[in-house]
Amino acid sequence: MLHELGDFLLLPPAEPDRIPRIPSPRAPQASPTGQWTTAEPTLDYDDGLSDFDSHARPSPPATAAPDPSVPMRSAAAELLERLTKELRDPYWEGSPPTEGLDDVLARLTEDRPVSPDTRVIVVRAWRETSPTAATDLLRRLTAAVKEAGLPPARRPRMLVVATPSDLPPELPDQISREDTTVHWWWGVLGRLDTATVVSVTRPHSPGPAAHHQLLESVVQATVVEVCGPFLDLATELAARWDGVPETLPDELRHAVSAVTRGHALMAITHRARRSALEPDNTLRPGWDLGLLDAWDGQLRCHPGCEPDLAQTVKTRLWLAQNRVLLPLLDDAREEFTEVIRHRSRLPAPQLVERYRSRPVGTSPAFSANGGTAEALMGMELGAMWGAHLNSHVRLSRTEADRLHVLWDARNRLAHRTALDDRRLKRLVTELCR
């Protein structure tokens with residue numbers, strides 16, 4: 001986000017020992033294998049994202065108990081005073097020091113004769129010592145801008161980045177208006193993002209190029225389907241899984257344990273099928289922990305939170321095989337109709353009439369060879385296999401074996417059953433002939 005903003009002012013945290021230091025520029029180092037790496041990139045600014053753990057929020061620094069005799073200052077007042085020090089605005093030089101929050105807000109919203117500072121002020125709510133600092137800032141600044149009546153070009157520009165637990169649940173709806181936009185970082189990852197991570201992580205395997213490419217396509221599609229928007233889990237599973245369907249449940253459990261470092265994950269009971277434009281109040285706790293998100297038009301929970309992981313893996317393995325193999329099976333079926341036409345013991349019209357599984361055209365042209373050939377193209381693999389068993393089609397042993405492999409795979413996928421390792425490899429071998 002900061003890279004896309006261009007010019008911005010990143011507000012440092014309140015604690016002196018946590019003020020970000022700008023590292024000296026250096027070229028990013030590539031992974032020794034040239035593959036995807038989960039190492040943090042070297043940036044030319046402190047984005048604060050290193051404060052996040054995969055599934056645990058950092059504990060706030062310990063502070064001494066407040067003195068009851070000292071009046072409490074507004075949480076936003078200290079934040080804004082730090083901001084005035086960072087702005088270093090020449091227009092403010094020589095002015096008396098700020099006396100309170102209202103004075104700071106007045107200076108920020110003053111219609112000055114000089115050009116206003118157009119940099120975007122970035123506040124990271126999770127790095128503030130007071131949990132109400134960002135909330136107070138948003139509410140007070142929104143009201144101050146409205147009261148000042150500034151035109152859009154002269155208003156202060158501010159980006160407050162926060163997690164759901166940093167803000168009151170009702171705040172986004174309260175401040176959302178024409179001059180304040182609430183953007184939910186929800187559903188921003190898609191299938192292509194996960195597929196890219198998986199593709200660059202997978203190790204290279206020896207073997208015939210076509211055979212390996214097709215088998216690898218099934219493996220990568222499976223990892224993408226199983227892991228969804230959880231890129232760290234997709235990286236771990238893609239690197240360790242051998243591609244055998246029978247070993248996927250155990251390897252997924254090991255990958256979940258490696259990514260979560262053995263921490264127990266909370267159970268997700270919300271089972272909505274479709275994802276909304278933003279997470280509602282029931283989803284935000286899980287989303288805040290990185291355990292659910294919108295992905296590919298559906299609500300996806302972290303596999304470690306699935307109550308029946310084995311069944312979930314079976315379903316997503318089947319979906320991945322369907323995505324990759326069904327188009328190829330349909331192409332193979334159409335190609336095999338030429339074999340059926342040449343090996344048929346019955347006239348083509350009789351074969352079509354006996355084994356047709358799709359409606360046949362009723363136009364006069366159907367009686368011609370073109371209509372019969374078109375009807376043959378509509379024969380399903382099961383009908384072809386039935387014609388072979390009934391001796392209405394004479395096939396060689398090689399042709400019969402190929403047809404049986406194609407029909408068995410298509411039949412299992414049609415009944416929501418994923419192919420095991422033996423059937424998958426046999427099918428890949430036949431499709432690559």
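**Exercise 1. Three residues with positive phi**

Task: Classify R416 as buried, partly exposed or exposed from its 57% relative accessibility, then describe its backbone and compare it with D296 and R261.

Solution.
- Step 1. R416 has a relative accessibility of 57%, and the exposed class begins over 50%, so R416 counts as exposed. This value, like the rest here, comes from a predicted model.
- Step 2. Locate the residue. R416 sits in the loop between α15 and α16.
- Step 3. Check the backbone. R416 is not a glycine, yet its phi is positive, about 60°.
- Step 4. Turn to D296. Its phi is also positive, near 55°, and D296 is not a glycine either. D296 belongs to the loop between β4 (292-295) and β5 (298-301).
- Step 5. Classify D296. Its relative accessibility is 44%, so D296 counts as partly exposed.
- Step 6. Add R261. This residue follows α9 and has a positive phi, near 55°.

**Exercise 2. Ring geometry**

Task: Decide how the rings of W186 and W287 are arranged, and do the same for W385 and W407.

Solution.
- Step 1. Know what to read off. A pair of aromatic rings is described by the distance of the centres and the angle of the planes.
- Step 2. Count the pairs. The structure has 3 aromatic pairs.
- Step 3. Take W186 and W287. Their ring centres are 5.7 Å apart and the planes meet at 85°; angles over 60 degrees count as edge-to-face, so this pair is edge-to-face.
- Step 4. Place the two residues. W186 is in the loop between α5 (171-175) and α6 (191-201), and W287 is in helix α10 (residues 284-288). They are 101 residues apart, so the pair links distant parts of the chain. Both W186 and W287 are buried.
- Step 5. Take W385 and W407. Here the centres are 6.1 Å apart and the planes are at 15°, so the pair is stacked.
- Step 6. Place these two. W385 lies in helix α14 (residues 381-389) and W407 in helix α15 (residues 397-414), 22 residues apart.
- Step 7. Check exposure. W385 is buried, with a relative accessible area of 15%. W407, at 24%, counts as partly exposed.
- Step 8. Look for a cluster. Ring pairs join W184, W186 and W287 into one.

**Exercise 3. Helix α9: span and buried face**

Task: Test whether the end-to-end distance of α9 agrees with its 13 residues, then find how its buried residues are arranged around the axis.

Solution.
- Step 1. Work out the span. At 1.5 Å a residue, the 13 residues of α9 (residues 248-260) should cover 18 Å.
- Step 2. Compare. The end C-alpha atoms of α9 are 18 Å apart, which agrees.
- Step 3. List the buried residues: L248, P249, E251, L252, A255, V256, V259 and T260.
- Step 4. Read the pattern. An α-helix has 3.6 residues a turn, so residues three or four places apart point the same way.
- Step 5. Check the arc. Viewed down the axis of α9, the buried residues stay within 160°, so they line one face of the helix.
- Step 6. Name the cover. It includes α7, α8 (231-240) and α11.

**Exercise 4. Helix α4**

Task: Repeat the span test for the 16 residues of α4, then list its buried residues.

Solution.
- Step 1. The expected span of α4 (residues 133-148) is 22 Å at 1.5 Å a residue.
- Step 2. Its end C-alpha atoms are 22 Å apart, which agrees.
- Step 3. The buried residues of α4 are A133, A134, T135, L137, L138, L141, T142, A144 and V145.
- Step 4. Look past the end. G149, just after α4, has a positive phi of about 65°.

**Exercise 5. Strand β2 and its neighbours**

Task: State how β2 is covered and which strands pair with it.

Solution.
- Step 1. Count burial. In β2 (residues 120-124), 5 of 5 residues are buried.
- Step 2. Split the faces. V120, V122 and R124 are on one side, I121 and V123 on the other; both faces are covered.
- Step 3. Find one neighbour. β1 (residues 8-10) runs parallel to β2 and is joined to it by 3 bridges. L9 has I121 as its bridge partner.
- Step 4. Find another. β3 (residues 157-161) pairs with β2 in the parallel sense over 5 bridges. V123 stands opposite V160 in β3.

**Exercise 6. Nonpolar cores**

Task: Identify what builds the largest nonpolar core.

Solution.
- Step 1. The largest core has 36 residues, and L325, L351 and L427 have the most contacts inside it.
- Step 2. The elements giving two or more residues are α7 (209-227), α11 (309-343), α12 (348-355), α14, α15 and α16 (421-431).
- Step 3. α11 gives the largest share, 8 residues.
- Step 4. A second, separate core has 21 residues, including V198, V224, A255 and V259.

Notes:
Residues numbered from 1 in each chain as written. Predicted model: local features only at pLDDT ≥ 70, side-chain atom pairs only at ≥ 80, totals over all residues. Heavy atoms only, no water. Phe/Tyr/Trp six-rings, centres within 6.5 Å; stacked < 30°, edge-to-face > 60°. Helix = DSSP H or I, 4+ residues; strand = E, 2+ residues; numbered from the N terminus. Buried < 20%, exposed > 50% of the residue type's maximum accessible area, 1.4 Å probe, protein only. Core = buried A, V, L, I, M, F, W, Y, C linked by side-chain atoms within 4.5 Å. Expected span 1.5 Å × (residues − 1). Arc of directions from axis to C-beta. Contact = heavy atoms within 4.5 Å. Pairing = 2+ DSSP bridges.
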